[in-house]
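Trainee: I should like to learn how to read salt bridges in a protein structure. May we work through an example together?

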Amino acid sequence: MVFNRQVTAECSKADKYRRLICKILVDGVDVNLGQVKAGMAWHYKHYANEQTPADREAYAAVELDAREKHLGLWADQNPMPPWKWRRR
């Protein structure tokens, strides 16, 4: 989605480790949303309140669709969220 492409990073804040939290765009298309839509990323609902209402709705909708279609990580019977995997 981004290989050899010009990207734009819309960064809204930094986390406690000073890492920037950004939405990545290619030609105006939200790459983060594309990853969730393809089942390659989670919509981390813990931070959904930091998204715009439109983004929050879009991310939730594409994740639900990916789950229902068993795309990407949703092909696994019991996918483990990254935040749980890191705690292990």
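Trainee: How many salt bridges does the structure hold?

Mentor: Side chains of opposite charge can pair when their charged atoms come close. In this predicted model, there are seven salt bridges. One of them joins Asp27 to Arg5, with the closest N and O atoms 2.9 Å apart.

Trainee: Which parts of the chain does the pair of Asp27 and Arg5 tie together?

Mentor: Asp27 belongs to the loop between strand 2 (20–26) and strand 3 (29–30), whereas Arg5 sits in the segment before strand 1 (8–14), so the salt bridge ties together parts that are 22 residues apart in sequence. Asp27 is exposed, at 68% relative accessible area, and Arg5 is partly exposed, at 42%.

Trainee: Where do Lys23 and Asp55 lie, the partners of another salt bridge?

Mentor: Lys23 is in strand 2 and Asp55 in helix 2 (residues 53–68), so this pair links distant parts of the chain, 32 residues apart. Their N to O distance is 2.6 Å. Asp55 has a relative accessibility of 17% and counts as buried, because the cut-off for that class is under 20%.

Trainee: How many residues apart are Arg67 and Glu63 in helix 2?

Mentor: Arg67 and Glu63 are four residues apart, about one turn of the helix. Their side chains form a salt bridge at 3.3 Å, N to O. Arg67 is partly exposed, at 36%, while Glu63 is buried, at 2%. Through salt bridges with shared partners, Lys45, Glu63 and Arg67 form one network.

Conventions. Residues numbered from 1 in each chain as written. Predicted model: local features only at pLDDT ≥ 70, side-chain atom pairs only at ≥ 80, totals over all residues. Heavy atoms only, no water. Salt bridge = Lys/Arg side-chain N within 4 Å of Asp/Glu carboxyl O. Helix = DSSP H or I, 4+ residues; strand = E, 2+ residues; numbered from the N terminus. Buried < 20%, exposed > 50% of the residue type's maximum accessible area, 1.4 Å probe, protein only.
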